[in-house]
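Welcome, and please take a moment to look over the model before reading on. We will walk through it together, one part at a time.

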Amino acid sequence: MIELKFSRSLFFLLFLFFGYNLSNAQTNREDLEKRRIELRNEISRINELRISNQKKQRSVLGQVEDLNQQIKSTEDLIKLTNQQANLLNREINTNTNKIGQLRKELEKLKEDYARMIEKSYKSKSQQSRVMFLLSSKNFLQAYKRLQYMKQYTNYRKQQGEEIKANTKELQELNARLVQQKEEKEKLIAENRKTRAQLEENRKSQQTLMATIRKREGEFATQIRKKQSEIDEIDRAIDKMIRESIAKANKESGSGSTSRSTFELTPAAKALAADFNNNKGKLPWPVKSGVVTMRFGKQPHPVVRSVMVNNNGVRIDTDKGGKARAVFNGTVSEVQAVKGANQAVMVRHGDYITIYNNLEEVYVKRGDTVTTEQEIGEIATSRTTGKTTLHFLLYRNDQKMDPADWIYRM
């Protein structure tokens with residue numbers, strides 16, 4: 001009996017261990033599946049945009065940019081699908097091991113139960129329970145024998161229930177194992193299809209790149225002209241920030257007209273500290289989207305010989321997509337920016353987030369906004385068909401890389 005109890009204790013510990021790991025695996029699998037769906041939607045959106053732009057005979061440069069983004073997203077999808085398949089494989093191995101442990105435990109339980117039944121039968125044939133009780137030397141001994149008989153009966157019943165429970169769990173695990181293997185095969189088949197699409201896109205990319213190489217000088221001129229327009233927009237935003245800082249300091253009655261740093265009240269300091277504490281954990285400024293241009297100076301994604309600069313990040317999203325506040329704050333400015341529709345500036349103490357290229361704005365200066373509150377609809381370009389948010393992040397007038405602050409950007 002001691003051996004049996006020890007065996008059940010060991011099994012219980014193994015169950016907790018495997019159960020804990022399976023729970024974590026389930027959570028990870030759900031996260032991966034969510035991201036896989038997002039990537040598939042992203043690829044579909046880019047593909048629809050590419051087809052639309054091809055029909056409109058848009059520039060080769062734009063087509064290559066779209067194709068590059070689709071290739072990148074497809075590569076990410078393949079990598080993520082592999083992760084899902086590997087995770088499923090680990091779960092399958094874990095469940096296979098667990099099934100083996102359960103079978104051993106079940107066999108042990110059945111053996112012990114059979115011995116108990118045999119012992120009970122022999123005991124009954126030798127003398128009845130009544131005679132067993134009447135042969136007691138005193139009342140106390142009879143009482144103890146009665147309790148022993150009850151405990152023995154209960155224990156045998158418990159063993160029978162454990163056998164039933166383990167048998168049921170074994171059946172459920174086997175069913176789950178079959179399902180997991182089917183899911184894995186489905187993922188592998190999907191990956192084959194995705195890889196075929198990737199190869200097709202790469203061939204198209206090579207064809208388009210050959211065209212670009214022949215006209216590289218012409219495209220380089222186009223890119224530099226576009227960069228000049230972006231620089232002009234960035235200068236307008238920098239000016240808006242300096243003026244906003246000076247205006248806020250004047251309105252606060254601090255007497256300072258500094259155009260570089262905010263004069264902070266205790267409440268503003270607390271808000272800034274809270275914002276800083278959430279570095280790397282802030283939500284995206286759109287519900288779903290993909291970064292098409294990152295922060296800072298970098299080679300152009302197609303014509304690598306030309307350097308471009310970005311003071312924030314550009315995020316492509318669905319048509320009709322909404323810009324969302326990444327943190328609690330106060331709307332300090334709403335301005336039209338030449339060449340970039342409207343911009344909303346939200347202040348978080350001495351931190352600033354800017355949501356540029358909004359076709360429609362839902363807030364006004366002085367409004368308090370909360371995390372993930374919609375502040376406007378992002379404009380869709382008539383030329384490219386893209387819905388792009390220009391998102392910027394500053395501390396006072398110092399530019400900061402949004403990717404350091406936004407979760408998994």
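**A walk through the strands, cores and a pocket**

Let us begin with two strands: E8 (351-361) and E10 (374-378) run antiparallel and are joined by three bridges. Two strands count as paired if DSSP finds at least two bridges between them. Helices (H or I, at least four residues) and strands (E, at least two) are DSSP runs, numbered from the N terminus. In this pair, Val-361 stands opposite Gly-376 in E10. Strand E5 (residues 322-324) is also joined to E10, antiparallel and by three bridges, and there Ala-323 stands opposite Gly-376.

A word on what you are viewing: this is a predicted model, in which local features need pLDDT of at least 70 and side-chain atom pairs count only at pLDDT 80 or more, while totals for chains, interfaces and linings use all residues. Residues are numbered from 1 along each chain as its sequence is written, and side-chain values use heavy atoms, with hydrogens and water left out.

Stepping back, the protein has six helices and 12 strands. Of its 409 residues, 41% count as buried; buried means under 20% relative accessible area, exposed means over 50%, and partly exposed lies in between (1.4 Å probe, protein chains only). Among contacts (heavy atoms within 4.5 Å) between residues at least 6 apart in sequence, 72% join residues at least 24 apart.

Now find strand E4 (313-317). Five of the five residues of E4 are buried, so this strand is largely enclosed by the rest of the structure. In a regular strand the side chains alternate between the two faces of the sheet. Both faces of E4 are covered, with Val-313, Ile-315 and Thr-317 on one side and Arg-314 and Asp-316 on the other. E4 has antiparallel partners: strand E1 (residues 289-293), through four bridges, and E11, through five bridges. Follow Arg-314 to see both pairings: it stands opposite Met-293 and also opposite His-390 in E11.

E4 also takes us to the largest nonpolar core, as one of the elements that give two or more residues to it. A nonpolar core is a set of buried Ala, Val, Leu, Ile, Met, Phe, Trp, Tyr and Cys residues joined through side-chain atoms within 4.5 Å. This one has 28 residues, and Tyr-355, Ile-375 and Leu-389 have the most contacts inside it. Helix H6 (266-277) and strand E11 (387-395) are also among the elements giving two or more residues. Leaving aside neighbours within four places in sequence, the contacts of Leu-389 include Val-313, Ala-323, Tyr-355 and Ile-378. Apart from this core lies another, of 18 residues, among them Ile-71, Ile-212, Val-302 and Val-308.

Two loop residues deserve a look. Most residues other than glycine have a negative phi. Glu-372, in the loop between strand E9 (368-369) and E10, has a positive phi of about 70 degrees and counts as partly exposed at 41% relative accessibility. Asn-396, in the loop between E11 and strand E12 (398-400), has a positive phi of about 55 degrees, but counts as buried at 11%.

Finally, turn to the helices. Helix H1 (2-55), helix H2 (60-126) and helix H4 (139-214) each give two or more residues to the lining of the second largest pocket. That lining has two nonpolar, six polar and three charged residues, including Arg-40, Gln-70 and Glu-190.

Methods
1 Å grid on protein atoms, 1.4 Å probe; cavity = no way out; pocket = protein on both sides within 12 Å on 5 of 7 lines; lining within 4 Å. Nonpolar A, V, L, I, M, F, W, Y, C, P; charged D, E, K, R; others polar.
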